[in-house]
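Welcome, and please open the structure in your viewer. We will go from stop to stop, with something to select at each one.

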Amino acid sequence: MEQLHELLQQVIPDGERVLTEKADLASYSYDASFGVYMPEVVVQPLSTCEVAEILKLANKHKIPVYPRGQGTSLSGGPLPVRGGIVMDLSQWTSKLEIDTENMLAVVSPGVTAQAINNAALVHGLIYPPDPSSMNIATIGGNLAENSGGPKGLKYGVTKDYVIGLEVVTPEGEVIHTGGKTMKNVTGYDLTKLIVGSEGTLGIITEAILRLYPKPQATETLMALFDDIIDAGRAISNILSAGIIPAKLEIMDKASVEAVEAYRPTGLPTNIDALILIELDGHPEAIKDEIKRVNDVCLQEKARSVQIAKTAEEAAQLWLARKLVSPAIVRVKPTKISEDATVPRSKIPDMFQRLKEIKQKYNIDLVVFGHAGDGNLHPNIIADERDTEEMKRVEQAVEEIFQAAIELGGTLSGEHGIGTLKAPFMEMELGAVGVDMMKRIKQAWDPNDILNPGKIFPEPNQRFVLTND
Ligand SMILES: Cc1cc2nc3c(=O)[nH]c(=O)nc-3n(C[C@H](O)[C@H](O)[C@H](O)COP(=O)(O)OP(=O)(O)OC[C@H]3O[C@@H](n4cnc5c(N)ncnc54)[C@H](O)[C@@H]3O)c2cc1C
């Protein structure tokens with residue numbers, strides 16, 4: 001340990017950026033999911049050269065390195081499950097350049113998506129990916145998890161905006177993928193391979209991101225339903241009517257009640273579900289779309305459809321949606337946040353399956369999320385100290401994954417696999433699919449030093465949320 005500390009201090013002579021105090025290490029031992037793992041040392045590099053030197057050192061001595069942004073991962077992504085070095089990239093925020101001519105942003109790994117969007121807005125541009133954690137999570141974390149948000153429906157997710165990366169390989173080599181051109185088909189698309197690789201193939205040290213013109217106008221609507229299955233049908237039918245809202249989110253009764261109990265925003269609690277819709281574009285086109293959305297919702301038995309009259313009213317509705325996560329943990333302390341995703345046409349079927357699972361396991365299941373792209377967020381709220389309840393929760397989560405895959409969907413739409421979902425990888429990809437991914441990992445990282453213990457299941461690894 002002492003020797004490692006000394007070697008790291010040679011790379012980062014500024015003593016304050018190599019942390020070994022127990023209290024510091026403890027701060028890096030958890031993320032927003034489950035599990036606590038202490039690292040041996042934390043480093044906070046501020047340049048590509050420092051990252052490269054640290055990785056060369058780690059690779060030579062076969063020490064695990066765990067890249068970390070702000071630790072908001074919901075799947076265990078940055079947890080140092082085999083000890084070693086945590087590489088905290090959240091402090092590295094020095095570059096945020098807006099290239100208006102090419103409509104691009106060039107950024108350091110620690111910058112937030114919120115900061116990128118704010119800087120773009122000054123020039124009449126936007127950076128559309130909008131994970132709910134965008135004001136705290138880093139772009140490095142967003143890229144590594146391929147994060148998305150409500151706007152994913154119309155504008156796509158992080159991978160749709162990155163056209164170039166600077167990456168340090170596990171062996172400490174610096175590579176540049178893609179560039180500033182909109183088109184690039186030279187060789188394999190390593191940019192897209194790195195995006196979503198959850199910090200297992202390389203450390204992202206710089207990114208080139210596309211920006212879009214800010215839409216001329218936006219309007220927000222809220223439709224109230226007495227049955228969540230009808231809400232699911234309305235969502236499918238809005239989309240099949242050829243309308244692509246900027247956002248199309250759902251909140252079930254439990255999430256509405258939780259928000260109203262936490263910070264009342266005036267949402268009606270005597271409903272089964274509501275959908276929030278944001279339309280954007282040319283004002284005349286929006287007028288027509290509002291009428292059509294209204295008709296579809298009423299056809300699917302919506303109790304009413306309301307249009308926000310002012311920007312403040314619209315902001316209040318979207319705030320309510322953002323408050324769901326903090327609100328539901330007031331009900332019970334442990335939140336298991338899933339993001340199983342299904343094809344859009346299967347949204348009503350998934351709601352039906354979730355209803356059945358909730359009853360079968362007698363769990364507190366709250367459903368909200370990016371319903372428009374099939375990326376629901378079934379959240380289970382429980383109490384970690386209640387072992388019997390946690391066992392029921394584990395079984396329910398397994399059944400949620402099964403339901404999503406049986407309906408042609410996926411384990412994760414945006415939160416990643418990390419440690420938590422690794423046991424289910426074969427269920428979705430098959431043995432050969434997982435093996436092809438493992439071979440890619442071995443080719444990039446022959447000594448398995450970068451974020452080891454993630455994505456791929458350990459032998460006999462089971463899905464557990466409890467210690468026994
Ligand atoms: C309240 C809340 C709301 C959330 N809402 C959303 C949402 O709407 N949509 C969504 O997609 N996610 C959401 N998340 C999950 C999480 O915020 C995202 O996954 C986010 O992108 C993680 O960023 P981070 O900086 O916290 O990264 P971390 O959690 O620190 O790390 C995430 C992964 O990225 C890797 N990593 C980090 N930086 C780098 C780098 N520079 N190079 C290589 N690998 C790196 C880590 O090793 C790890 O595997 C939410 C989380 C919370 C707590």
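Leaving aside neighbours within four places in sequence, which residues is Val296 in contact with? Select Val296 and look for Ala234, Asn237 and Ile238, which are its contacts once those neighbours are left aside; contact here means heavy atoms within 4.5 Å.

A word on what you are looking at: this is a predicted model, in which local features need pLDDT of at least 70 and side-chain atom pairs count only at pLDDT 80 or more, while totals for chains, interfaces and linings use all residues. Residues are numbered from 1 along each chain as its sequence is written, and side-chain values use heavy atoms, with hydrogens and water left out.

**Stop 1: around Val296**

Stay with Val296, which sits in helix α10 (residues 283–299). Helices (H or I, at least four residues) and strands (E, at least two) are DSSP runs, numbered from the N terminus. Val296 is buried, with a relative accessible area of 11%. The word buried stands for under 20% relative accessible area, exposed for over 50%, and partly exposed for anything in between (1.4 Å probe, protein chains only). Now measure across to Ala234: the two are 62 residues apart in sequence, yet their C-alpha atoms are 6.3 Å apart in space.

**Stop 2: Ile243**

Next, select Ile243, in the loop between α8 (228–240) and β13 (247–252). Is Ile243 buried or exposed? Ile243 counts as buried, because its relative accessible area is 0%. Beyond its neighbours within four places in sequence, Ile243 is in contact with Ile238, Leu279, Glu289, Arg292 and Val293. Add Ile290 to your selection as well: from C-alpha to C-alpha, Ile243 and Ile290 are 9.7 Å apart, with their positions 47 residues apart in sequence.

**Stop 3: Pro348**

Move on to helix α13 (residues 347–361), where you will find Pro348. Pro348 has 13% relative accessibility, so it counts as buried. Apart from neighbours within four places in sequence, its contacts are Ile229, Gly232, Arg233 and Ser236. For a longer line across the view, draw one from Pro348 to Glu312: they are 36 residues apart along the chain, and their C-alpha atoms are separated by 32 Å.

**Stop 4: Ser29 and Ser73**

Select Ser29 in the loop between α2 (22–27) and β2 (41–43). With 3% relative accessibility, Ser29 is buried. Neighbours within four places in sequence aside, Ser29 is in contact with Gly35, Val36, Tyr37, Met38, Pro39 and Leu79. From Ser29 to Ile405, 376 residues apart along the chain, the C-alpha separation is 32 Å.

Then pick Ser73, in the loop between β3 (65–68) and β4 (85–88). Ser73 is buried too, at 12% relative accessibility. Its contacts, again without neighbours within four places in sequence, are Asp31, Ala32, Ser33, Pro78 and Glu145.

**Stop 5: two positive phi angles**

Which backbone angle of Lys62 is positive, although Lys62 is not a glycine? That angle is phi, at about 55°. Lys62 lies in the loop between α3 (48–61) and β3, and with a relative accessible area of 55% it is exposed.

Asp448, also a residue other than glycine, has a positive phi near 50°. Look for Asp448 in the segment after α15 (425–444); its relative accessible area of 33% makes it partly exposed.

**Stop 6: zoom out**

Colour the chain by domain. The assignment, which comes from an automatic or database source, gives domain 1 (2–88), domain 2 (98–213) and domain 3 (217–406). The C-alpha centres of domain 1 and domain 2 lie 23 Å apart, and 14 residues of domain 1 are in contact with 15 residues of domain 2.

Now show the whole protein chain, with its 15 helices and 18 strands. Its C-alpha atoms fill a box of roughly 70 × 60 × 40 Å along the principal axes. Of its 468 residues, 56% count as buried. Among contacts with a separation of 6 or more, 72% come from residues 24 or more positions apart.
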